[in-house]
Amino acid sequence: MKIESAEVLVSSPGRNFVTLRITTDTGVTGLGDATVNGRELSVASYLADHIVPLLIGLDAHRIEDTWQYLYRGAYWRRGPITMAAIAAVDTALWDIKAKVAGLPLYQLLGGRSREGLLCYGHASGAELPELFDSIRHHQEEGYRAIRVQTGVPGLPSVYGVASSANAATTADGVTSRYDHEPARPGAKPVEESWDTRAYIRHIPTVFEAVRNEFGPELPLLHDAHHRLTPIEAAKVGKSLEPYDLFWLEDVTPAENQAVLRRVREHTTTPLAIGEVFNTIFDYKDLFEEQLIDYVRSPVTHAGGITGLRRIFDYAAVYQIRSGVHGPTDVSPVGLAAAIHLGIAIPNFGIQEYMKHSEATHELFRPGYTFEDGLLKPSETPGLGVDYDDEVGAAHAYAPAYLPVNRLLDGSMHNW
Ligand code: CS2
Ligand code: MG
């Protein structure tokens with residue numbers, strides 16, 4: 001069964017997505033997500049100009065060999081663009097193999113290890129009353145775990161806090177005050193400002209209030225979104241210990257993995273890192289020194305199912321669990337792949353699930369379900385996701401950027 005064609009599909013049903021569709025000479029198709037938020041066209045070009053010509057005629061069943069061919073053969077290894085391109089090819093080939101086998105993909109990954117995936121939703125509010133509303137809204141929707149993001153006194157807009165300006169319309173047609181799309185259409189990124197000391201003073205008071213209002217059981221997560229130095233991260237981790245977080249995410253940038261040692265020294269708050277990581281090498285020291293507890297890479301950014309499963313297998317040696325990235329900029333194709341992998345792996349932890357818009361669901365018609373707080377894979381052969389060319393063509397790409405962040409003195413900071 002040879003690869004006969006491969007198409008790079010760019011569409012923008014509410015937000016930009018890059019999707020690869022591979023078709024075999026027996027007419028079987030597979031889909032792969034290659035969306036890198038704010039840099040979408042670079043992956044589309046990497047695929048269309050450099051990868052697609054190499055795929056034609058290859059044996060579609062040789063997934064591992066194709067992975068190695070694209071990784072080693074690139075010479076220029078790793079990085080978000082290369083690994084998203086490899087991820088799209090890998091995921092599409094797994095979709096095809098499962099369709100040919102007549103099985104839902106998770107059955108090829110070892111079958112079910114659980115009934116469904118615990119997942120968390122995004123609650124947020126500039127102030128406590130709005131935040132409490134948002135938490136209740138997500139509990140009513142069935143979420144059993146909640147990520148809490150809040151405004152910071154003195155800062156006009158902060159990462160993760162939905163406002164009418166960035167509200168998203170979710171698949172059930174509701175314009176959600178709570179789910180927001182961080183990438184903003186426009187020719188340039190918007191600039192936000194940041195004050196770490198104000199945040200460090202404020203965040204423990206928010207979790208104290210949330211625990212007082214919602215009690216000790218509800219699993220609570222928080223994303224510090226790469227904004228703290230190692231010692232600031234240690235301080236925040238310690239200050240949040242009384243509130244028993246499920247995890248504290250991206251508490252400090254981890255290109256230099258060793259900096260997490262400083263955080264680990266001072267706090268037992270569980271740490272999640274990795275949504276901007278692309279290979280197993282980004283995790284090596286973090287695993288071997290037991291510096292994190294959850295792996296955040298999505299299938300889309302870590303070299304596909306082949307790449308991410310290898311990372312999970314290594315994490316399992318250190319009892320580190322999955323916590324896969326699932327915001328709206330991971331398409332339903334990437335999310336479906338994460339659900340199939342999550343249902344099969346032994347060291348599943350939790351899955352992020354930010355609902356996609358109605359228009360996005362019209363394009364991809366995903367078969368996975370969200371019931372009673374659990375995500376469940378489609379039982380149809382393959383990934384269980386489709387691509388409607390007519391809908392795709394109706395939503396042309398629109399330039400959009402993630403914000404950038406500056407400190408109050410104007411210095412560039414991490415968004
Ligand atoms: C975030 C993302 O969901 C998360 O954990 O870190 O919303 C992230 O900001 C976006 O995916 C960036 O594209
Ligand atoms: Mg995050």
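Let's start at the metal: the magnesium ion (ligand 2) takes its protein donors from Asp-223 (OD), Glu-249 (OE) and Glu-275 (OE), which lie 2.0 to 2.2 Å from the ion. Keep in mind that this is a predicted model. Read along the sequence, the donor residues of the magnesium ion (ligand 2) follow the spacing D-x25-E-x25-E. Asp-223 and Glu-249 tie together distant parts of the chain, 26 residues apart. Asp-223 sits in strand β10 (residues 220–223), while Glu-249 belongs to strand β11 (residues 247–249). Are these two buried or exposed? Both Asp-223 and Glu-249 turn out to be buried.

Now hop over to the sheet built from β1, β2 and β3. These three strands make an open sheet, lined up in the order β1-β2-β3 with antiparallel pairing. At the edges you'll find β1 and β3, each pairing on one side only. From one strand to the next, the twist averages 20°. Helix α1 packs on this sheet and touches β1 and β2. The direction of helix α1 makes about 170° with that of β1.

Here is where to look for each piece:

| Element | Residues |
|---|---|
| Strand β1 | 3–11 |
| Strand β2 | 17–24 |
| Strand β3 | 29–33 |
| Helix α1 | 40–55 |

How many bridges join β1 to β2? There are eight, and the two strands run antiparallel. For a spot to check by eye, find Leu-9, which stands opposite Thr-19 in β2.

Notes:
Residues are numbered from 1 along each chain as its sequence is written. Chains are lettered from A and ligands numbered from 1 in the order in which they are written. This is a predicted model: local features need pLDDT of at least 70, side-chain atom pairs count only at pLDDT 80 or more; totals for chains, interfaces and linings use all residues. Side-chain values use heavy atoms; hydrogens and water are left out. Two strands pair if DSSP finds at least two bridges between them. Helices (H or I, at least four residues) and strands (E, at least two) are DSSP runs, numbered from the N terminus. Axes are lines fitted to C-alpha atoms, for helices over the stretch in contact, and angles run from 0 to 180 degrees between N-to-C directions. Contact means heavy atoms within 4.5 Å. Donors are N, O and S atoms within 2.8 Å of the metal (3.2 Å for Na, K and Ca); water is not among the atoms, so sites may look incomplete. Buried means under 20% relative accessible area, exposed over 50%, partly exposed in between (1.4 Å probe, protein chains only).
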